[in-house]
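Q: Please take a close look at the interior of this protein. I would like to know how its buried parts are put together.

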Amino acid sequence: MPKLSYHVILNASAGTASATGVTSQTLEAVFADRGLDVTVDSDPDVSLDERVKRALESDADVIVAGGGDGTIAALAGALAGTDKALAVLPLGTVNAVARDLGLPLTLEEAVAGIADGELRPIDIGEVNGRLFLHMAAVGFVAGIAAAREKVRGHFGLLEFIGFSRFFARRLARSRRMALAINPDEGEARVERAQAFAVVCSEFSEGFGRMFSRDRLDSGTLTLYVVRHLSGADLIRLTLGMFLGRWRQDDALRIEHVREVTVDTRKPTVKVMLDGELANIETPLVFKVRPLALTMVMPAQTSSQTPMEGTSAA
């Protein structure tokens, strides 16, 4: 990759950053060790929106999200469609986006990956104007994410026991909802489901590959409708995903779309966007934005297929 300049937006209060004491001086030293030209913005007295605006107005080629999934989402939305690229330092608590993209999860390895990485355009999804890089989910999964938010940052033994009890109760009380589904191709329909998710590209099958994707640039979304989810269904689906055989499961309906509208009887619903919860008004209109965001991704090796997050030539 040609020599680039970098502008880091550091959220020092993010989970990993706070726990490990990462500072602007820390980042400057790690970037300098790799010979990278970097500016670090760690100003806690300025709003994230203003810091993002300053980053966009800077001369930097790559804007680096040094924080959690919320920081990444804010930068992705601002950088989509621009000539600046996004890189990620996974300094949050969950780091769902970094894990999904296969990015290194330690600071030193992440900076090394940025230094040696490649610029690749990827698809992004949007729902009612809100962007997501990986998945938007409604229903049982979003409820579990809500419980996670309550224990974020202090997840000890007592919190784990409480979370587990909540998980079991949530599954037992989970009820199906009526969904009016209108895809861009195909017939509109009404289904009853306990949850649904919309994913950029699609999840792949393969041993041990749970919620992973071979491609990030297919130009499509995949709608996963969970028709029913008993305890037995959850165990079977989880085992099937681990073994790499789950797409034909009776509990699921899978559909490839470029745009789909999903409506419910509720005026607003909780949507989990890349690990972060948001209340969004219905109907939910999902769209794909092909190759809308350029990201710094790990460099391919000769043993990798041309599909691991890249455009297949």
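A: What follows goes through the interior, part by part. The model is a predicted one.

Start with the chain as a whole. It has 313 residues, and 48% of them are buried. The fold holds nine helices and 16 strands. Long-range contacts are frequent: among contacts between residues at least 6 apart in sequence, 72% join residues at least 24 apart.

Now the main core. The largest nonpolar core counts 26 residues. L86, L133, L293 and M295 have the most contacts inside it. Helices and strands both feed this core. Two or more residues come from each of α3 (48-57), α4 (69-79) and α5 (96-101). Strands β3 (62-67), β4 (85-90), β5 (118-127) and β16 (284-297) likewise give two or more residues each.

A second core is separate from the first and has 25 residues. F196, L223, V257 and L273 are included in this second core.

L293 deserves its own look. Neighbours within four places in sequence are left aside here. L293 then touches A76, L79, A80 and L86. L293 is also in contact with R120, P121, I122, I124 and L133. Two of these partners, L86 and L133, are themselves among the residues with the most contacts inside the largest core.

L291 makes a contrast in burial. This residue is placed in strand β16. L291 counts as partly exposed because its relative accessible area is 43%. Its backbone also stands out: phi is near 50 degrees, a positive value in a residue other than glycine.

Next come the ring pairs. The count of aromatic pairs is five. One of them joins Y6 and F31 in a tilted arrangement, with 6.1 Å centre to centre and 55 degrees between the planes. Y6 belongs to strand β1 (residues 5-10), while F31 belongs to helix α2 (residues 24-33). The two residues are 25 residues apart, and the pair links distant parts of the chain. Both Y6 and F31 are buried.

F132 and F286 form another pair, this one edge-to-face. Their ring centres are 6.5 Å apart, and the planes meet at 75 degrees. Here the sequence separation is 154 residues, from F132 in strand β6 (residues 130-132) to F286 in strand β16. F132 and F286 are both buried. Ring pairs also bring in F196, so that F132, F196 and F286 make a cluster. F196 is one of the residues of the second core.

Stay with F132 for a moment. Its relative accessibility is 1%, and F132 therefore counts as buried. Beyond its neighbours within four places in sequence, F132 contacts I124, G125, E126 and V127. Further contacts of F132 are V198, C200, L273, D274 and F286. L273 lies 141 residues from F132 in sequence, yet the C-alpha atoms are 5.8 Å apart. L273, too, is included in the second core.

Just before strand β6 comes a backbone feature. N128 is found in the loop between β5 and β6. Phi of N128 is near 50 degrees, which is positive although the residue is not glycine. With a relative accessible area of 36%, N128 is partly exposed.

Another backbone feature sits ahead of strand β16. T282 and P283 are joined by a cis peptide bond, with omega at about 0 degrees. P283 lies in the loop between β15 (276-281) and β16.

What about empty space inside? Rolling a probe the size of a water molecule over the atoms shows where such space is left. The count comes to one cavity of 30 Å³ or more. About 70 Å³ lies in the largest cavity. Its lining consists of A87, V88, L103, P104, A110, G113, I114, V296, M297 and P298. Nine of the lining residues are nonpolar, one is polar and none is charged. Strand β4, helix α6 (107-116) and strand β16 each supply at least two lining residues. Helix α6 gives the most, with three. Strands β4 and β16 also give two or more residues each to the largest core.

Last, a residue on a helix that feeds the main core. K53 is placed in helix α3. K53 is partly exposed, with a relative accessible area of 45%. The C-alpha atoms of K53 and L75 are separated by 9.6 Å, and the two are 22 residues apart along the chain.

How values were computed:
Residues are numbered from 1 along each chain as its sequence is written. This is a predicted model: local features need pLDDT of at least 70, side-chain atom pairs count only at pLDDT 80 or more; totals for chains, interfaces and linings use all residues. Side-chain values use heavy atoms; hydrogens and water are left out. A nonpolar core is a set of buried Ala, Val, Leu, Ile, Met, Phe, Trp, Tyr and Cys residues joined through side-chain atoms within 4.5 Å. Buried means under 20% relative accessible area, exposed over 50%, partly exposed in between (1.4 Å probe, protein chains only). Helices (H or I, at least four residues) and strands (E, at least two) are DSSP runs, numbered from the N terminus. Contact means heavy atoms within 4.5 Å. On a 1 Å grid over the protein atoms alone, a cavity is a set of points where a 1.4 Å probe fits but cannot get out, and a pocket is an open set with protein on both sides within 12 Å along at least five of seven lines; lining residues have an atom within 4 Å of a point. Grid points are joined across faces, edges and corners, and a volume is the space filled by probe spheres set on the points. Ala, Val, Leu, Ile, Met, Phe, Trp, Tyr, Cys and Pro count as nonpolar, Asp, Glu, Lys and Arg as charged, and the others, Gly among them, as polar. Rings of Phe, Tyr and Trp (its six-membered ring) pair if their centres lie within 6.5 Å; planes under 30 degrees apart count as stacked, over 60 as edge-to-face and the rest as tilted.
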